[in-house]
Amino acid sequence: MLNGLIKHACIVGAYLASQVFFAGIPANAQETPLKLTATVNFNNVTLESALNTLSYDYNIQFSYSSRNIPVDKKINYSAQNKPLGQIITDILDQSGVQFENVNGYLVLMPKTVENNMPESIKPEYYTLSGIVSDSSNSEFLIGASVYIKETGIGTLSNNYGFFSLKLPAGIYTIESSYLGYSIESRQIELNRNIKWNLKLVPVNSLVQEIIIFSENKKETIFNSFAAQFNVKAIEVKQQTAALGETDMLKSLDNLPGISFQGDGSSYFSVRGGNRDQNLILLDEATIYNPSHLLGFFTPIIPEAVKNTEIYKADFPIQYGGRLSSVIDIRTRDGNMQEFSGNFSTGLISTRASFEGPIKKDASSYFFSLRRSHYGFFVKKIVPSIEDLYFRDFTSKFNIKAGKNDRLFLTLFSGKDVFIKKPEGPRNGLIWKNNSLTLRWNHIFGNNLFLNTTFYTSRYDYSLYINYDNKTAWNSHISSNNLKSEFSWYINPSNKIKYGINLGGYFFNPGNINSKYFPADMRISKMNSAEVVIYAGNEQEITPWFKLNYGIRASRWSDIGESFIIGYDNNFTPVDTLIYRKGERFYSKRFVEPRVSVSLKTGEYQSIKASYNRNIQNINLINNSISPFNTLEVWLPSGPNIKPQKAEILNLGYMLAWPYKSLELSADIFYKKMYNQIGYAYHAEMLLNPFLEGELRQGNGTCWGFEFLFRKTLGKLTWHVAYAYNKSFLTIDGLNGGKKFPSHYNKPVDISLMADYRLKPRWTINMNYVYASGMAITVPDGFYYYRGAQVPYYSGHNNGRLPGYHRFDLGSVWQLNKKQGQYEHYLTLNLFNFFADKNFAFLNFSKTIGNDGKFYIPADKENTVYQVPTYRYIYSLVPSLTYNLKF
């Protein structure tokens with residue numbers, strides 16, 4: 001009874017939300033054309049030809065199976081100024097066919113005694129719903145296609161594999177497909193609400209050549225968001241990687257519009273935005289700093305990843321808090337059928353994953369671990385290093401709590417340790433990421449899906465001055481959120497999503513954890529709270545026009561205990577305000593409208609346009625452009641820091657040739673950004689209680705275009721990606737108040753990839769990347785003052801590092817000839833095959849000694865001549881990795 005009350009309350013709430021936010025849009029846009037008058041003349045033509053003519057001339061969408069109606073029957077019919085609906089009825093009567101208007105499609109079916117009921121008797125509608133999963137391990141399949149063959153109507157499963165379709169009573173053929181799986185087809189009689197869980201059979205593409213049309217491209221091209229990309233774990237594992245460490249996040253460098261800072265860095269920019277403008281989620285929990293070994297690798301274990309979605313413009317309504325992108329990573333659920341695992345070892349680390357049922361078909365577990373072992377070799381070379389390693393842990397528990405309920409618990413931890421043992425006290429660095437996600441899924445009836453999630457995240461960085469007594473400079477950020485979200489599948493062409501998210505945040509912007517540290521040198525810790533409500537509708541107005549629209553309303557507050565330093569217009573400290581514990585001293589409300597359209601321009605092509613407004617209240621404060629810097633300070637928007645805002649326009653085009661496995665996507669975009677953060681010249685960022693006084697804010701613009709052309713199936717697969725991006729900032733106090741290029745202004749970014757299966761067990765791959773160098777500030781020249789060489793500059797970011805280019809080769813060899821209980825592979829990578837020297841640092845502060853080496857001069861006043869020098873990270877890097885799957 002309680003569930004029934006909750007269900008009705010949720011439906012009423014969703015209905016009211018839809019009326020408030022989404023009123024005025026017709027539910028069935030084909031009703032109006034059927035009332036229009038028309039003149040036609042068909043003389044001895046086939047029924048199919050007549051239908052094609054009506055479809056072309058009057059934009060009518062017919063849906064039928066040639067096996068069910070007599071498409072070759074000859075039609076003789078003429079009419080003048082007659083309602084189009086009557087004309088269609090008359091023509092179909094000649095063939096013993098009738099139609100039913102289903103969500104904008106005219107579904108044709110043979111007449112039966114049951115069909116010849118009076119017009120006043122409406123057909124019964126029923127719901128087909130269920131979960132799409134992997135037959136071998138019960139993993140949910142995200143974005144799987146469920147397609148009704150007779151009507152042409154279809155949908156995609158959500159992040160938990162759930163789908164729902166509302167259809168008139170009848171007999172239908174249901175097809176479901178997913179990349180890497182065989183197509184599941186079944187005929188059902190829909191004469192009641194049916195729950196049918198689809199289990200798809202995986203196909204081993206490394207063993208045999210299977211070319212199948214595995215995704216319903218009509219659905220994915222029409223329904224996907226603008227500038228959205230999906231990356232599957234199997235695709236990442238086949239790519240080349242530095243030192244053999246396969247990496248989901250670093251593989252995104254091959255997508256247009258996503259650009260990493262350089263070799264050995266985990267920092268990346270999306271369409272010219274700053275690196276803190278990317279929301280990285282692991283099972284909904286935020287990962288604030290995705291770096292290992294100062295950025296050479298990221299902490300996401302590849303075997304733990306099931307699916308990754310990337311959004312660069314048109315964010316789904318449930319996502320917010322960042323300006324440039326959302327990286328939504330979903331982990332594996334765990335095998336409910338049998339025990340299985342993976343083992344991998346290479347030059348840098350060893351990792352292992354285990355999964356299996358706790359109770360078969362009822363609950364499962366997944367564990368994945370990784371630990372580096374390169375520190376053992378480094379310590380032999382550098383004896384002063386005492387400890388050097390990173391480690392990761394990801395686990396997940398998946399429990400069926402009932403017929404309509406699921407519980408999930410995800411735990412994640414990543415840690416880096418670098419400890420030195422000089423003659424005095426030991427010192428070093430330790431940084432770590434931790435997160436926890438607890439989720440409850442519940443299905444009300446057949447078309448209302450609930451996801452309630454509690455998630456918590458923390459990033460902690462400690463720079464140890466004395467590791468023996470644990471004295472360190474420490475900075476960290478943590479967050480706790482509770483989110484509840486409903487998805488209401490009203491019918492196949494209308495889905496409403498609405499929810500609420502309550503968040504609490506804690507910021508420590510950097511203090512020394514010692515009682516002897518002077519009080520006047522401390523930086524205030526901060527607490528913040530956020531409330532977000534959102535609602536959105538995905539509505540297919542006609543079979544060729546889809547509209548997504550919604551709104552997010554939020555309130556951000558800063559709360560004591562805290563102290564805030566006030567500044568005048570010259571950024572001079574003038575006052576200190578102290579706030580009690582629990583006292584709200586800053587609060588601001590925001591509204592973020594979002595709208596996008598998808599226009600089907602052909603069977604496998606569509607045009608998309610979107611507008612998004614995004615707000616960001618969490619800010620990374622770091623003026624270093626070094627690619628190796630995990631020392632990060634985070635601060636909330638407040639009295640001294642205005643919230644960042646962006647307005648994004650995107651126009652895209654998608655085209656597929658599914659039977660050739662070819663896809664093309666192209667986008668142009670414009671992004672206007674407000675309150676972007678810059679830094680005063682020579683700003684002090686460490687141990688500065690007046691840190692907020694070093695900040696300057698202004699506006700920015702980014703624009704450009706990008707395209708991706710790829711072949712996804714077959715012996716040879718490949719992709720070609722290109723992005724053109726211009727990004728500029730205008731900030732008072734910098735560059736004389738004039739516009740200047742941002743660090744991420746990169747006009748050229750090219751990626752070429754190819755995989756070729758030479759033999760059933762042997763695959764080779766290649767990768768080529770070229771990108772414009774980062775914009776940096778360089779001297780335009782030098783002058784001498786009292787015998788010393790002094791640089792002078794014409795502007796901010798007036799120069800650029802040399803272009804980045806790299807060619808990689810790789811090979812995957814399956815060692816076992818026959819399929820059995822296990823598979824094992826050898827992966828060879830030749831990273832940076834041509835040993836290109838890509839700049840990581842460029843300096844103008846060194847001199848050439850008598851021995852021809854470069855030195856930083858100790859006495860600059862008597863230094864005659866300084867020369868530019870650079871450093872690079874990688875030459876040719878070979879690696880060999882062994883992988884075992886059992």
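**Close-up views of a predicted model**

**View 1. Tyr756 sits in strand β43.** This is a predicted model. Tyr756 is partly exposed, because its relative accessibility is 33%, and partly exposed residues lie between the 20% and 50% limits. Strand β43 covers residues 749-759. Tyr756 also belongs to a nonpolar patch on the surface, and the next view takes up that patch.

**View 2. A nonpolar patch lies on the surface.** Which residues form the nonpolar patch? They are Leu716, Tyr756, Leu758, Trp762, Ile764, Trp813, Leu826, Leu828 and Leu880. Together they have about 710 Å² of accessible area. Three strands each supply at least two of the patch residues: β43 (749-759), β44 (762-771) and β50 (823-831).

**View 3. Ser157 sits in a loop.** The loop runs between β8 (154-156) and β9 (162-168). Is Ser157 buried or exposed? Ser157 is buried, because its relative accessible area is 6%, and the limit for buried is under 20%.

**View 4. The side chain of Ser157 meets two backbone atoms.** One is the backbone oxygen of Leu141, which the Ser157 side chain reaches at 2.7 Å. The other is the backbone nitrogen of Ala144, which lies 2.8 Å from a polar atom of the Ser157 side chain. What else is in contact with Ser157, leaving aside neighbours within four places in sequence? Besides Leu141 and Ala144, the list holds Val132, Ile142, Gly143, Phe162 and Phe163.

**View 5. Confidence varies along the chain.** The mean pLDDT of the chain is 85. Of its residues, 89% reach 70 or more. Among the elements, strand β18 (residues 285-286) has the highest mean pLDDT, at 97. Helix α1 (residues 2-22) has the lowest, at 42. Over residues 113-121 the pLDDT is below 50. Beyond near neighbours in sequence, that stretch has four contacts in the model. Residues 205-215 also have a pLDDT below 50. Beyond near neighbours in sequence, the stretch 205-215 has 36 contacts.

**View 6. The whole chain gives the setting for these views.** The chain has eight helices and 54 strands. Of its 886 residues, 56% are buried. How much area does the chain expose? The figure is about 38100 Å², and carbon and sulfur atoms supply 57% of it. Take the contacts with a separation of 6 or more: residues 24 or more positions apart account for 66% of them.

Conventions
Residues numbered from 1 in each chain as written. Predicted model: local features only at pLDDT ≥ 70, side-chain atom pairs only at ≥ 80, totals over all residues. Heavy atoms only, no water. Helix = DSSP H or I, 4+ residues; strand = E, 2+ residues; numbered from the N terminus. Buried < 20%, exposed > 50% of the residue type's maximum accessible area, 1.4 Å probe, protein only. Contact = heavy atoms within 4.5 Å. Areas by Shrake-Rupley, 256 points an atom, 1.4 Å probe, with all protein chains shown as cover. pLDDT = per-residue confidence, 0-100. Patch = residues over 30% accessible without salt bridge, like charges linked within 9 Å, V, L, I, M, F, W, Y side chains within 5 Å. Salt bridge = Lys/Arg side-chain N within 4 Å of Asp/Glu carboxyl O. Polar contact = N/O pair within 3.5 Å; in protein donor to acceptor, adjacent residues only side chain to side chain.
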